[in-house]
Amino acid sequence: MVCSAAPVLLLAMTLPLVGPPVARASQPGPSQAGGESGQQLDQESGAGESVLLSVYVQLVFSDGGWPAALSRPLPLPPASAPSSPKTLTGLSLTTECKVKPDGFTYCACLSGYQWNASICSRHQLCQPAYNHRPCGCLVFSPPAAGYCQLLPPAPGSLSLNTWLQMPGHTLNLTLLTSQETTNLSWFLRRHSGSPSPIPLQPGAQVSLTSSQGQAVLSIRNVSHEWEGEYVCCFEAQGFRWELYQVARVPLQAADVARLPDQLSISCATSPGFQLSCCIPYTPLGYMASWSPAEGSEASSFSTPGDRCLVLAAQHCPAADITYTCDLQSPGLTPLRVPIFVTVIQEGDTTCPKDSAVVAWNVTKAGHEAQAPCPGNRTGMVKRTCGPDGVWGPIHSSCTDTRLLALLRRAQLLWAGQGWPAEEVPQSLAQLLEQTEVVSSPSDLLALLGTMTFLAKVVADTETPLHRSALEALLKTTDKVLDMDASSLWTPTQAQKPSAASDLLLAVETLAHSLRPQDHPFSFSLPNVQLQTQLLTPSLPADYRVSFSTQPRLQAKIPQRSLAPLVTSNSNFTITSLVLQKLDHLLPPNYGQELGDSIYATPGLVLSISIMAGGQAFNRGEVIMDFGDRDDPYHCVFWDHHLFQGSGGWSGEGCQVKAANASALVTPRHNHCICRHLTAFSILMSRHTVPRNPTLELLSHVGLGASILALLVCLGVYRLVWRVVVRNKVAYLRHAALLNVVLCLVAADICFLGSPLLPPGPHSPLCLAAAFLCHFLYLATFFWMLAQALMLAHQLLFVFHQLSKRRVLSLMVALGYLCPMGFAGAALGHYLPRGQYLGEGVCWLDGKGGALYTFVGPVLVIVGLNALVLAMAMLKLLRPSLSEGPPAEKRQALLGVIKALLVLTPIFGLTWGLGLATLLEKVSVVPHYIFVILNTSQGVFILLFGCLMDKKVREALLKRFGCAHPPNSTISLL
């Protein structure tokens, strides 16, 4: 319609030319709006020949009407004297413009005409539309000369493999063009949901391929959410084009919601009942009915997006029956969805009515009762009646409708429906608002699922996030980490063990997707801290970052690790993220190198990532300081691939460095060094009592006193050796004890000095110290065993005496060769596997099995010594006259018994308490007792094994001129 004071653009169509002269027509001034307006006519033609002439004419009608005179042939004035008169035989309106009160001019094309693409790209469309839509109306300010042009024939065709797409199959749309095309895009106009077309992008289900003259859109595993009108938009021949195809997808049984899907009724209490089936909206026009329908009334109602058919049964059936919701659409196979109804008979075991959460009717034993979710929640509340007529626990899948809508939108966005750059920030903002409605495990699963799919979309499409979108994500994460563990997280992880691992991966992915122009960025909340930095390709210095945690967390990436990024000639970003409380929510899964122990974490996870040119750089080395922690720990990272995708802690590529091994910010602390970038933390044994100054002081003082006592013992033997070894028994006994002293003093010195060495398998000194401690402590126990076996032989084989040389050879072989075999085997077997040394110490690893090569032999020896002692005590309490030794031998034998009686309990109790310290979870007492006894063994040996020996005392007194008359009384006391 032409309005008053509106400029109208006209296209003069057919003009017959009469006579041979040349006619010229032109417009006043050049066109500002493009098209073929103002072109000159310069043709020779015979009489009566017609040509199509484009003439730009701007008319303004004051009365808003179309003058009838313009519809009649109009004579044109002669262009020149020799020219013949020309006649205008047709005039067609192409463009209609209106001046709005806002001062802008809105120019719309009439049917068959369109603004060309060049004009369209320079002006705004009258109504917001999806990209590359044909230009039918433009806004001009100020008004510009120009007009819509006549569209040529379509330069291509769009075909669909079949209009009826079966669920689960692949939909293929093929565009064939005869002209060069540009700006090709695809859209889906669904018949439900948003009225505007949905853009289609490559995704989990959508793939796009193109070649010369052909483009193909493929959608895998289609469902009813992919039916609708498909639009192919492109530019060709200077115009924008739209081609359409309609696809239909039948419903599946899974698309039909039944309420309930099974029912147990009591005719005595519920003579009638109600069933319903609901289907999503579909243009296929399904007709719904119930069978059997006798004695029932059917009705229907609609909800947003769904149509429901309700069956109200007026009478209780006499026996069990199956009702069927029949859905039929012309030309399609009928869809039948059954609902089973069980009738409770007299004498059946039942569960009574109950009102927990919802109202539960009487239900037959072994059957499941169902009820709809209350309020604006979707799902079902279910409860099983046990075989004994007792109600089971309530299982609810009720989820907030808004959270479900966000989850489904994120899933479709990942599949390929939508604009990620627009919808991801919108979804993150809406997700923050919906954290307040999370009240059930199903809600939390929906929220975490939405975050996971949004992260996948951002990663797959390389979508950069605005600062506001990232802030919304971090605020959401902070609230999620604060959610109650017992009522929300624990049942959520029971349903999906990888829930916390998925949250970590999603937050990591989204956090390092910030736009380059938004760096540097710093953000801090109680549970979330983020710091980002944009670095130039020039050789950067060490990257350092610290977080205000307790204790303070610091990290550094050395310059040498960033050097490979210099050659890329592009900026790169480093994102450091700390998530507190998350480590307590991650499942307690540990890699093989960590063994089967249960560990405690420090309450935080540190994630560091580097992005360069849109790609993740993971080969850097990172040095981390988790604060001044007295208890030993493992440096670990979270491996999302372990345990079938549930994730787990792994120590691969990470190690603990001693305080003096690397200078970070606080050189006095131990550091973690990992040779890859991911999410890090530390693991501490739950059974480890933190080191404290008192225990350390007791350990150092005890070991010093023990070493001093053992050296005194060696000095005593140096003075009295010839006096105390006059018979074979005494010689062998003191020879064994002397070797115990030598091995133990060497082992204590080695053990006391090992903390001064740099730990780790790459330190030769640390390896040597661990091996020597292992060998020397085992040798101490094996020499104890030699003493015990010598005593057992003397008790059991009184008249069978062995030569001193043979016994001494056997004792040397047992005391040194056997422990050397165990220590060497442990080194050769566990060192190549990286399981020989414990984390941060020069001692055997207790997780991989190396420690058992020490503990096992010790426990066996302690047990054998205990048996020999028991046997010796029995022999002494009831001696046989025929077995009585001479007085001197008897005195030596009593010395052996006394030494073993003292030494064996000391060693046995010490290492028994060592096992207790591994098992003890609360009390610190076993740790103190272990330290005191273990570090005082040298003192006990000096007192009970050496000085309390009567021969030794007499020899010392005689040596220093203080000898007393001999006393013939022999006592064990």
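Leu403, Leu406, Leu407, Ala410, Gln411, Leu413 and Trp414 of helix α2 meet a set of residues in helix α4 that includes Ala446, Leu447, Phe453, Leu454 and Val457; contact here means heavy atoms within 4.5 Å. By class, this contact has 11 nonpolar, 3 polar and 3 charged residues. This is a predicted model, where local features need pLDDT of at least 70, side-chain atom pairs count only at pLDDT 80 or more, and totals for chains, interfaces and linings use all residues. Residues are numbered from 1 along each chain as its sequence is written, and side-chain values use heavy atoms, with hydrogens and water left out.

**Helix packing**

- Helix α2 covers residues 401–415 and helix α4 residues 441–461, and the two pack at an angle of about 25° with their axes 8 Å apart. That angle makes α2 roughly parallel to α4, a label for angles under 35 degrees, with over 145 being roughly antiparallel, 65 to 115 roughly perpendicular and the rest oblique.
- Axes are lines fitted to C-alpha atoms, for helices over the stretch in contact, and angles run from 0 to 180 degrees between N-to-C directions.
- α2 passes α4 in a left-handed crossing, meaning that the near helix is turned anticlockwise from the far one by less than a right angle (right-handed if clockwise).
- As for naming, helices (H or I, at least four residues) and strands (E, at least two) are DSSP runs, numbered from the N terminus.
- Further along, helix α11 (residues 728–753) and helix α13 (residues 804–830) pack at about 20°, and their axes are 11 Å apart. So α11 also gets the roughly parallel label relative to α13.
- The crossing of α11 past α13 is right-handed. On the α11 side the contact uses Lys728, Tyr731, Leu732, Ala735, Ala736, Asn739 and Cys743, while α13 brings Lys804, Val807, Leu808, Met811 and Tyr816.
- The class split for α11 with α13 is 9 nonpolar, 1 polar and 2 charged; Ala, Val, Leu, Ile, Met, Phe, Trp, Tyr, Cys and Pro count as nonpolar, Asp, Glu, Lys and Arg as charged, and the others, Gly among them, as polar.

**A residue in helix α7**

- Thr509 sits in helix α7, residues 499–511. Thr509 counts as buried because its relative accessibility is 13%; buried means under 20% relative accessible area, exposed over 50%, and partly exposed in between (1.4 Å probe, protein chains only).
- Setting aside neighbours within four places in sequence, Thr509 is in contact with Ala455 and Ala459.

**Strands and hairpins**

- One open sheet has 3 strands in the order β31-β33-β34, with antiparallel pairing. Its edge strands are β31 (368–372) and β34 (391–396), each pairing on one side only, and neighbouring strands are turned by 20° against each other on average, direction ignored.
- Strand β33 (residues 380–385) is joined to β34 by 4 bridges, and Cys385 stands opposite Trp391 in β34. Two strands pair if DSSP finds at least two bridges between them.
- Strand β18 (residues 214–219) is mostly covered, with 5 of its 6 residues buried. β18 pairs in the antiparallel sense with β14 (residues 171–177) over 6 bridges, and Val216 is the bridge partner of Thr174.
- Strand β17 (residues 206–211) is also antiparallel to β18, again with 6 bridges, and there Val206 has Ile219 as its bridge partner. β17 and β18 form a hairpin with 2 residues between them, and Gly213 in the turn has a positive phi of about 75°.
- Strand β38 (residues 543–547) has Tyr543, Val545 and Phe547 on its covered face, and Arg544 and Ser546 on the uncovered one. In a regular strand the side chains alternate between the two faces of the sheet.
- β38 pairs antiparallel with β39 (residues 553–557) over 5 bridges, Arg544 stands opposite Lys556, and the hairpin has 5 residues between its strands.

**Backbone oddities**

- The Leu259 to Pro260 peptide bond is cis, with omega near -10°, and Pro260 lies in the loop between β21 (257–259) and β22 (262–266).
- The His519 to Pro520 bond is cis too, with omega near -5°; Pro520 is in the loop between α7 and β36 (521–524).
- Asn221, a residue other than glycine, has a positive phi near 55° and lies in the loop between β18 and β19 (228–236).
- Phe643 likewise has a positive phi near 55°, in the loop between β45 (633–639) and β46 (648–650). At 35% relative accessibility, Phe643 counts as partly exposed.
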